[in-house]
Amino acid sequence: MLKKGRLAFATTLLMLLAAVVAACGNPPQTQTQAKPYDYKSPTGDQKGGTVIFSDWQFPDSLNPLFATLVVDGEIEAGLWAGPTTITSDAKYIADEATEVPTVDNGGFSKDGLTTVLHLRHDLKWSDGQELTADDFVYAMDTLLDPNTAVATTFGYDQMASYVATDKYTLTIKYKAPFAAYLSYLPFPLPKHAWSSIANKDLATTQDVNLTPRVTNGPFVLSDFAADQSITLVPNKYYVSTSLHPTVLDKAVFKVFASKDALIAGYQAGETDHAEDFTNADIKKLTGLPGLQVTSNIAYEHIDLNQQNPVLQDLNVRKAIEEGIDRCQIIQTVLSADCAQLGVDTILPAPSPEFDPSIKALPFNKAQAIADLKTAGWDCSAAPSPCKKADGTVFPTLNLATTSGNQQRADVTQIVKQDLAAIGIPINLDGQYYPASVFFTDYSHGGILATGKYDLSLYAYVFGLDTGGSLSVFASTEIPSDASPSGGNYTRVNDPQVDQALTDGGKELDPAKRHTIYVNLLKHLIEQVDTIPMYLRPNVTLTNTNIANFFPNPTSSGNEWNIADWFFVKKTQ
């Protein structure tokens with residue numbers, strides 16, 4: 001699942017603090033309002049200046065309805081606000097809401113069927129127009145309209161109704177008890193600015209999708225230079241229950257052509273913050289000031305496209321997993337210890353559903369060949385391709401991933417060699433795609449979404465909602481004309497998976513919900529519906545003069561509180 005922006009619009013090298021696990025596991029019945037995070041207040045001479053933050057990719061959307069790339073969320077955090085946000089230690093805090101809705105404060109009903117969201121009375125859009133509960137209703141109407149073709153509707157489709165009971169109160173009713181309600185609180189969109197545009201045209205309207213001019217976050221868009229930079233200036237109308245209006249003059253997103261260029265730019269002082277690095281980049285970054293390697297609910301994996309008939313056979317999928325030496329990849333490509341970066345489950349620590357007893361199949365070439373034999377393939381002549389008794393040759397599988405990522409290129413080469421050794425031919429030619437092509441949705445011809453691959457290598461970056469994270473295996477999420485925003489790229493169509501997701505989503509008892517999800521995770525690993533490869537930490541470079549930067553391991557992203565950043569000592 002792709003990492004989403006601050007609205008959690010949907011998902012480690014170091015162990016996260018125990019507080020994260022506790023926060024993630026708190027049942028909705030007892031979760032309480034978190035205390036404000038450890039915010040440092042600026043003094044008079046620490047106000048002003050321009051912070052430059054950077055990536056080596058440029059966003060394809062700055063609208064939470066349509067964003068699909070990790071980098072999209074980096075800029076969204078400055079432009080958009082929601083009722084709540086998630087802190088770096090995985091606690092929900094109020095943003096546009098007056099408080100986080102819980103059972104204790106009457107915001108969430110004990111039967112799990114109702115949320116009452118109370119909004120601040122002083123909210124405004126960046127053009128000065130009042131922001132009310134009607135904007136939340138408009139946003140949900142737009143989101144759930146199939147004509148809008150949004151990035152995903154998962155979670156929000158559990159709403160039976162959403163009604164503005166007054167200007168500052170929104171009441172949401174659910175179709176069934178909804179334990180994950182905090183991950184899918186409604187968010188606002190500017191009804192007064194967008195409602196005259198047909199929903200089907202929102203994605204193609206530049207001042208809505210790519211350069212939104214009416215927003216509600218701490219910054220507003222000032223300048224947009226395609227594939228170069230995005231300039232944000234303070235939104236004078238921004239208010240928040242827990243965060244703060246920025247004291248910066250500007251925040252500028254600057255893109256670099258490559259990771260090496262990004263690193264060089266940081267060293268030269270051309271940017272104050274850089275991210276979107278991988279394990280393999282850590283060697284290049286070691287010794288640089290401001291390097292932080294922190295936990296991330298993320299790892300690299302290989303998907304197996306089960307619309308391919310040969311991959312519908314469980315024994316073939318098992319053989320592919322057994323044929324890949326993941327430890328060798330960690331040692332040679334990542335220069336790390338297998339115990340440090342190895343991963344066997346779909347939700348590793350610090351997920352509350354992490355279970356160390358769940359184990360993926362280990363590397364075992366002989367067992368892989370035996371499993372292929374059970375599936376009807378004779379692989380005794382490997383590395384020549386396996387054959388069936390009738391002479392049918394094992395089909396060449398296309399292994400796709402993103403371009404411009406040397407680590408993934410190196411990994412795919414090893415996977416190709418490993419699988420060739422058991423008689424499974426792999427093609428890599430023409431299988432490296434720009435992220436904007438690889439990850440885009442079904443309607444726009446995305447490689448994953450349209451199933452134009454057999455095996456694929458990319459990262460899962462999960463949020464706090466276990467059900468939402470595992471929705472990538474729900475049959476209702478298989479991308480199609482009827483479900484263009486679906487994220488089930490593996491095309492898993494398993495009634496047992498669907499039932500477990502349904503049961504877990506409505507189970508309010510945390511212990512019972514945990515059992516449902518752990519059993520589901522075991523089933524998914526046993527079915528080899530995905531192959532976990534290695535953990536992916538959150539690697540950042542940040543000017544040591546910037547205060548209030550706290551790396552965030554959740555889907556809120558590292559820019560979750562960008563308005564609160566300031567220079568302890570001004571730099572030029």
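Colleague: How many disulfides does the count come to in this predicted model?
Modeller: Two. A pair of cysteine sulfurs has to lie within 2.5 Å to be called a disulfide.

Colleague: What makes C327 and C338 a disulfide?
Modeller: Their sulfurs sit 1.8 Å apart, and the cut-off is within 2.5 Å, so the pair is called a disulfide. The angle about its S-S bond is 95 degrees, and the link of C327 and C338 is right-handed.

Colleague: Which parts of the chain does that pair tie together?
Modeller: C327 belongs to helix α9, residues 326–332, while C338 belongs to helix α10, residues 338–341. The bond therefore ties together parts that are 11 residues apart in sequence.

Colleague: Why is C327 called partly exposed?
Modeller: Its relative accessible area is 32%. Buried needs under 20% and exposed needs over 50%, so C327 falls in between and gets the middle label.

Colleague: And C338, buried or exposed?
Modeller: Buried: C338 has 19% relative accessibility, and the label applies under 20%.

Colleague: How do you know that C379 and C386 are joined?
Modeller: By the sulfur distance again: S to S is 2.0 Å for C379 and C386, and the rule asks for within 2.5 Å, so they count as a disulfide.

Colleague: What is the handedness of the C379 and C386 disulfide?
Modeller: The torsion about the S-S bond is about 110 degrees, so this disulfide is right-handed.

Colleague: Are these cysteines buried or exposed, starting with C379?
Modeller: C379 is at 3% relative accessibility and C386 is at 0%. With buried set at under 20%, C379 earns the label, and so does C386.

Colleague: What is the pairing when the bonded cysteines are numbered in sequence order?
Modeller: The pattern reads 1-2, 3-4.

Colleague: On to the strands. What makes β4 and β6 a pair?
Modeller: Five bridges join β4 to β6, residues 169–174. At least two are needed, so they are called paired. The two strands run antiparallel, and H118 stands opposite T169 in β6.

Colleague: What is the strand order in the open sheet of three strands?
Modeller: The order is β4-β6-β5, with antiparallel pairing. β4 (114–118) and β5 (159–166) each have a single partner strand, which is why they stand at the edges, with one side of each left without a neighbour in the sheet. Direction ignored, neighbouring strands of this sheet are turned by 15 degrees against each other on average.

Colleague: Which helix packs on that sheet?
Modeller: Helix α3, residues 133–144, touches β4, β5 and β6. Its direction makes about 160 degrees with that of β5.

Colleague: How do you know that β7 and β8 pair?
Modeller: There are six bridges between β7 (219–225) and β8 (229–234), against a minimum of two, so the strands pair, in the antiparallel sense. V220 faces V233 in β8. β7 and β8 form a hairpin with three residues between them, and D227 in the turn has a positive phi of about 65 degrees.

Colleague: What about β8 and β9, how many bridges there?
Modeller: Four, again antiparallel, with β9 covering residues 250–255. Here I230 stands opposite F253 in β9.

Colleague: What is the average pLDDT of the chain?
Modeller: The chain averages 90, and 93% of the residues score at least 70.

Colleague: Where does pLDDT stay under 50?
Modeller: Over residues 1–34; the model has 126 contacts beyond four places in sequence for that stretch. Low pLDDT means the predicted coordinates should not be read in detail.

Definitions and conventions:
Residues numbered from 1 in each chain as written. Predicted model: local features only at pLDDT ≥ 70, side-chain atom pairs only at ≥ 80, totals over all residues. Heavy atoms only, no water. Buried < 20%, exposed > 50% of the residue type's maximum accessible area, 1.4 Å probe, protein only. Axes fitted to C-alpha atoms, helices over the stretch in contact; angles between N-to-C directions. Contact = heavy atoms within 4.5 Å. pLDDT = per-residue confidence, 0-100.
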